[in-house]
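Thanks for coming. I will go through one loop residue, three helix pairs and two pockets. Please have the viewer open.

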Amino acid sequence: MDLATILGIVGGIVLIILGILRGGSISAFIDPPSMLITFGGAIMATIASFRLDQILTSIQVLKVAFFSKGPDYEDTIRIMVGLAERARREGLLALDEEVSTLEDEFLKRGIQLVVDGVDPELTRNILETELSFIEERHGVGIGIFDTLAGLGPSFGLLGTVIGLIRMLGQLNDPSTIGPAMALALVTTFYGAFLAYVIATPIANKLKRKDSDESLLKAIQIEGILSIQAGENPRILEQKLYAFLPPKFRKKVQEEREVEEIYGVKEKT
């Protein structure tokens, strides 16, 4: 579960409600016609912008935004180093036994290509092509919420125009001015709420997760090709940690120093 997404969106909604309640009743901000114009219009226009199957996958995309964990880079690197060590000891064909134990499908396919003796350049092309399709699929989900975020304020403005037209058309009846003005202003509020509290944060989180997964796949591709080339596992580890921020590399260095200290003590 991604607590940051849940905390940010739910917390934002709660704070807005509390701010409304401090200034009066929340009932003034509940207007069904405004909801139909803003939420309904923005959602329908978003549906019209994509294929139906892409829209249906947005439910799965929401699960990614709210419930998926970030990639464990360090665990992935440890797995890659372990595979490299076995390949150095027993040969590449020994990795055939490891394939069934791998949970990551992308990594599993890459190691299988190595075991099958596929040319390194072809292996890179296959994996990079698969990565590009993964990023394209992610881009559709991001695009859905980016589109919704852009259309929300637009339909809020449309509702405002509708409210103003009603108000100006019935100026001779003072009793209609209040409801018409309420429709005009509340739709703007709904449009901003949809865009800036819900759709934009979800789109930004999906972009972050897409970037994280792309980095993970890049690490896996480099690791797979290094294993295929028979590189030293320790050099491979340093190469893969170079993809990550300095804090990760510093942590590894500290772990190495501890291992060396305990190794010296055991020898003495």
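Start with I30, which sits in the loop joining α1 (3-23) to α2. Helices here are DSSP runs of H or I with at least four residues, strands are runs of E with at least two, and both are numbered from the N terminus. This is a predicted model, where local features need pLDDT of at least 70 and side-chain atom pairs count only at pLDDT 80 or more, while totals for chains, interfaces and linings use all residues. Residues are numbered from 1 along each chain as its sequence is written, and side-chain values use heavy atoms, with hydrogens and water left out.

Back to I30. Between I30 and L183 there are 9.9 Å in space, C-alpha to C-alpha, against a separation of 153 residues in sequence. Leaving aside residues up to four places away in sequence, I30 touches M35 and Y190. Contact means heavy atoms within 4.5 Å.

Now the helix pairs. Axes are lines fitted to C-alpha atoms, for helices over the stretch in contact, and angles run from 0 to 180 degrees between N-to-C directions.

Helix α2 (residues 32-49) packs on helix α8 (residues 120-169) at about 135 degrees, and their axes are 8 Å apart. α2 and α8 are therefore oblique to each other. The classes are: under 35 degrees roughly parallel, over 145 roughly antiparallel, 65 to 115 roughly perpendicular, and the rest oblique. The crossing of α2 past α8 is right-handed; that is, the near helix is turned clockwise from the far one by less than a right angle, and anticlockwise would be left-handed. On the α2 side the contact includes I37, T38 and G41, and on the α8 side it includes F155, G156 and G159. By class, the residues of this contact are nine nonpolar, eight polar and no charged. Nonpolar means Ala, Val, Leu, Ile, Met, Phe, Trp, Tyr, Cys and Pro; charged means Asp, Glu, Lys and Arg; the others, Gly among them, are polar.

Next, helix α5 (residues 73-90) and helix α9 (residues 177-229): their axes come within 10 Å and cross at roughly 10 degrees. α5 and α9 are therefore roughly parallel to each other. Y73, T76 and M80 are among the α5 residues that meet α9, where the partners include D212, L216 and Q220. This contact divides into 11 nonpolar, three polar and one charged.

α9 also packs against helix α10 (residues 233-241), at about 160 degrees with axes 10 Å apart. That makes α9 roughly antiparallel to α10. Here I219, E222, G223, S226 and I227 of α9 meet L236, K239 and L240 of α10. The class split is four nonpolar, two polar and two charged.

On to pockets. What is the volume of the largest pocket? The largest pocket comes to about 760 Å³. The search uses a 1 Å grid over the protein atoms alone: a cavity is a set of points where a 1.4 Å probe fits but cannot get out, a pocket is an open set with protein on both sides within 12 Å along at least five of seven lines, and lining residues have an atom within 4 Å of a point. Points are joined across faces, edges and corners, and a volume is the space filled by probe spheres set on them.

The largest pocket is lined by 29 residues, of which V64, I134, H138, K209 and E213 are closest to its centre. α9 supplies the largest share of that lining, eight residues. The lining holds eight nonpolar, seven polar and 14 charged residues.

The second largest pocket holds about 260 Å³. Its lining includes D72, T76, L216 and Q220. α5 gives the most to this lining, three residues. By class, the count is five nonpolar, three polar and four charged.
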